[in-house]
Structure formats: C-alpha cells, structure tokens
Amino acid sequence: MTKSLYATMTARPGQKDTLQGLLTDLATHVRGEPGCERFVVYTLAENPDLFHVEETYKDDAAFAAHMATEHGKTFNKAIENLVEGGGSTVVFLNHIA
C-alpha cells in the first residue's frame with residue numbers, strides 16, 4: 001500500500017527565495033528515488049511564503065528509505081533557521097477512493 005503525506009512550512013521573513021531553491025533542489029533528488037511516486041511543491045496562492053509539498057511513496061519501506069537519504073537529512077538541517085518552527089509540519093494520509 002502506498003504511503004502518502006503532505007508537508008507544510010512557512011518561510012521566515014526574507015527567506016522565501018532561499019527555501020524555494022532548496023525545495024526545488026530537493027524535489028530533483030526525491031523524484032529520483034526508486035520508491036517515489038509523487039513529489040510536488042506548491043506555494044499557497046494567498047500566501048507565497050507558505051509551501052505545501054505532496055508526497056507519495058510506493059510503500060512504507062520506500063518512505064523509510066526516503067527518510068534515510070542524505071539529501072533529505074541535509075534539507076531538514078538547512079531549513080531549521082529558514083522556516084517558522086524550525087521544520088515542516090507533516091500530515092500522513094489514508095487513501096479511501
């Protein structure tokens with residue numbers, strides 16, 4: 001069964017462009033992971049400082065592999081001072097239809 005989630009993060013004042021660049025780079029790496037089925041980055045139309053990332057992985061093992069990647073660890077460390085709260089908020093989803 002696939003593993004789906006979304007993550008949100010809000011850039012601190014003046015950090016939107018830096019965060020966007022890091023997310024763009026991360027997307028390239030994550031989409032290359034064998035278990036990644038979807039990794040799409042958005043900003044909210046009414047608040048371009050708020051980023052929304054939709055992710056789907058083939059299964060729990062693929063998600064675990066994703067979490068263990070060096071590019072993921074590097075990204076999470078890099079955003080500590082760039083986003084409100086020091087990291088993203090992650091919400092796991094259950095597919096029903």
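Modeller: Helices (H or I, at least four residues) and strands (E, at least two) are DSSP runs, numbered from the N terminus. This is a predicted model, in which local features need pLDDT of at least 70 and side-chain atom pairs count only at pLDDT 80 or more, while totals for chains, interfaces and linings use all residues. Residues are numbered from 1 along each chain as its sequence is written, and side-chain values use heavy atoms, with hydrogens and water left out.

Colleague: In what order do the 4 strands of the open sheet stand?

Modeller: Two strands pair if DSSP finds at least two bridges between them. The pairing in this open sheet is antiparallel. S1 and S3 are joined by 8 bridges, and S1 and S4 by 5 bridges. S2 also pairs with S3, over 8 bridges, and the order is S2-S3-S1-S4.

Colleague: Which strands stand at the edges of the sheet?

Modeller: An edge strand has a single partner strand, so one side of it is left without a neighbour in the sheet. This holds for two strands here, S2 (36–44) and S4.

Colleague: How many residues lie between S2 and S3 in their hairpin?

Modeller: Strand S3 covers residues 47–57 and pairs with S2 in the antiparallel sense. Leu44 lies in S2 and stands opposite Asn47 in S3. Tyr42 stands opposite His52, again in S3. The number of residues between the two strands of the hairpin is 2.

Colleague: Which residues does Leu44 contact, leaving aside its neighbours within four places in sequence?

Modeller: Buried means under 20% relative accessible area, exposed over 50%, and partly exposed in between (1.4 Å probe, protein chains only). Leu44 is partly exposed because its relative accessible area is 26%. Contact means heavy atoms within 4.5 Å. With those neighbours set aside, Leu44 is in contact with Leu50 and His52.

Colleague: Which residue in S4 stands opposite Ser4?

Modeller: S4 pairs with S1 in the antiparallel sense, as S3 does. Ser4 has an opposite residue in S3, namely Thr56. In S4, the residue opposite Ser4 is Leu93.

Colleague: What separation is found between the C-alpha atoms of Thr8 and Thr89?

Modeller: Thr8 has its place in strand S1 and counts as partly exposed because its relative accessible area is 22%. Leaving out residues up to four places away in sequence, Thr8 touches Leu50, Phe51, His52, Ser88 and Thr89. Although Thr8 and Thr89 are 81 residues apart along the chain, their C-alpha atoms are separated by 5.2 Å.

Colleague: Which element gives the largest share of the largest nonpolar core?

Modeller: A nonpolar core is a set of buried Ala, Val, Leu, Ile, Met, Phe, Trp, Tyr and Cys residues joined through side-chain atoms within 4.5 Å. The largest one here has 20 residues, and those that touch the most other members are Met9, Leu19, Leu23, Phe39, Tyr57 and Phe75. Two or more residues come from each of S1, H1, S2, S3 and H2. The largest share, 5 residues, is given by H1.

Colleague: Which residues form one aromatic cluster with Tyr57?

Modeller: Tyr57 is in contact with residues including Leu5, Val30, Cys36, Phe39, Ala62, Phe63 and His66, leaving aside neighbours within four places in sequence. The search of the whole structure finds 2 aromatic pairs (rings of Phe, Tyr and Trp, the last by its six-membered ring, with centres within 6.5 Å; planes under 30 degrees apart count as stacked, over 60 as edge-to-face and the rest as tilted). The cluster joins Tyr57 with Phe63 and Phe92.

Colleague: What is the centre to centre value for the aromatic pair of Phe63 and Phe92?

Modeller: This pair is edge-to-face, with 90° between the planes. The centre to centre value is 5.7 Å.

Colleague: How many residues apart are Phe63 and Phe92?

Modeller: Phe63 is buried because its relative accessible area is 14%, whereas Phe92 is partly exposed at 47%. Phe63 lies in helix H2 (residues 60–67) and Phe92 in strand S4 (residues 89–93). Their pair links distant parts of the chain, and the two residues are apart by 29 residues.

Colleague: How far apart are the end C-alpha atoms of residues 3–92?

Modeller: Over that stretch the chain is 37% helix and 36% strand. Its end C-alpha atoms are apart by 8 Å.
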